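Ready to practise reading a protein structure? Work through the exercises below with the model beside you, and try each task before you look at its solution.

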Amino acid sequence: MKLRTLFIAALTLLAILPTLALAQNPNPHGFYGKASVDGAVVTSGIRIAALIDGVEAVSTFTTSGGEYVFIVQEDRPGQFSGKAIHFKIGELAAVQTAVFTPFNNDALNLTATSVVTPAPPPPPS
């Protein structure tokens with residue numbers, strides 16, 4: 001009876017281990033730094049996002065001092081390799097971009113400029 005219980009436990013473990021290994025997100029690329037708009041460091045709570053192919057891959061919020069940290073992870077190996085990463089500070093596009101490089105951890109200070117769109121001129125009368 002003991003041998004049978006031990007055998008069943010071993011089979012269960014063998015069935016679970018590959019599932020746990022596959023559940024790991026492959027190839028992370030981490031970023032950290034400060035965010036600023038118009039030359040001023042942003043306040044805490046500003047949303048920072050990373051976009052790949054125009055789709056948001058990850059986002060976070062700044063902490064005190066405009067600092068942010070996040071990890072861009074692929075769902076499958078090679079999904080993002082070599083692709084451009086664009087960043088947003090709030091709704092503003094950051095000047096900086098990066099290339100997804102598996103297993104990197106990069107310091108990247110993000111900057112953006114708020115653009116005030118002038119009102120269109122009135123129509124001729």
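Two strands pair if DSSP finds at least two bridges between them. Helices (H or I, at least four residues) and strands (E, at least two) are DSSP runs, numbered from the N terminus.

This is a predicted model, in which local features need pLDDT of at least 70 and side-chain atom pairs count only at pLDDT 80 or more, while totals for chains, interfaces and linings use all residues. Residues are numbered from 1 along each chain as its sequence is written, and side-chain values use heavy atoms, with hydrogens and water left out.

**Exercise 1. Find the strands that pair with strand 6, and name some bridge partners.**

Solution.
- Step 1: Locate strand 3 at residues 47-52; its pairing with strand 6 is antiparallel and has five bridges.
- Step 2: Look for single partners. Ile 52 is bridged to Ile 85 of strand 6, and Ile 48 is bridged to Ile 89 of that strand.
- Step 3: Turn to strand 7 (residues 92-99), which also pairs with strand 6 in the antiparallel sense, over five bridges. Here Lys 88 has Ala 93 of strand 7 as its bridge partner.
- Step 4: Check the hairpin of strand 6 and strand 7. Two residues lie between the strands, and Gly 90 has a positive phi near 60 degrees.

**Exercise 2. Work out the strand order of the open sheet of four strands.**

Solution.
- Step 1: Read across the sheet: the order is 4-3-6-7, and the pairing is antiparallel.
- Step 2: Pick out the edges. Strand 4 (55-61) and strand 7 each pair on one side only, so to speak of edge strands is to speak of these two.
- Step 3: Consider the twist. On average, neighbouring strands of this sheet are turned by 25 degrees against each other, direction ignored (axes are lines fitted to C-alpha atoms, for helices over the stretch in contact, and angles run from 0 to 180 degrees between N-to-C directions).

**Exercise 3. Which side chains of strand 6 are buried?**

Solution.
- Step 1: Recall the term. Buried means under 20% relative accessible area, exposed over 50%, and partly exposed in between (1.4 Å probe, protein chains only).
- Step 2: Recall the pattern. In a regular strand the side chains alternate between the two faces of the sheet.
- Step 3: Apply this to strand 6 (residues 84-89). Ile 85, Phe 87 and Ile 89 point to one face and are buried, whereas Ala 84, His 86 and Lys 88 point to the other and are not.
- Step 4: Try strand 5 (residues 67-72) too. Tyr 68, Phe 70 and Val 72 are buried on one face, while Glu 67, Val 69 and Ile 71 point to the other and are not buried.

**Exercise 4. Why is the pair of Phe 31 and Phe 70 called edge-to-face?**

Solution.
- Step 1: Learn the rule. Rings of Phe, Tyr and Trp (its six-membered ring) pair if their centres lie within 6.5 Å; planes under 30 degrees apart count as stacked, over 60 as edge-to-face and the rest as tilted.
- Step 2: Count the pairs: the structure holds five aromatic pairs.
- Step 3: Test this one. The ring centres of Phe 31 and Phe 70 are 6.3 Å apart and the planes stand at 65 degrees, so the pair is edge-to-face.
- Step 4: Place the partners. Phe 31 is in strand 1 and Phe 70 in strand 5, 39 residues apart, and both are buried.
- Step 5: Compare with Tyr 68 and Phe 70, a tilted pair with 5.4 Å from centre to centre and 50 degrees between the planes.
- Step 6: Join the rings up. Ring pairs link Phe 31, Tyr 68, Phe 70 and Phe 87 into a cluster.

**Exercise 5. Is Asn 105 buried or exposed, and what does Asn 105 touch?**

Solution.
- Step 1: Find Asn 105 in strand 8 (residues 105-107).
- Step 2: Use the accessible area: at a relative value of 54%, Asn 105 is exposed.
- Step 3: List the contacts (heavy atoms within 4.5 Å). Leaving aside neighbours within four places in sequence, Asn 105 is in contact with His 29, Gly 30, Phe 31 and Tyr 32.
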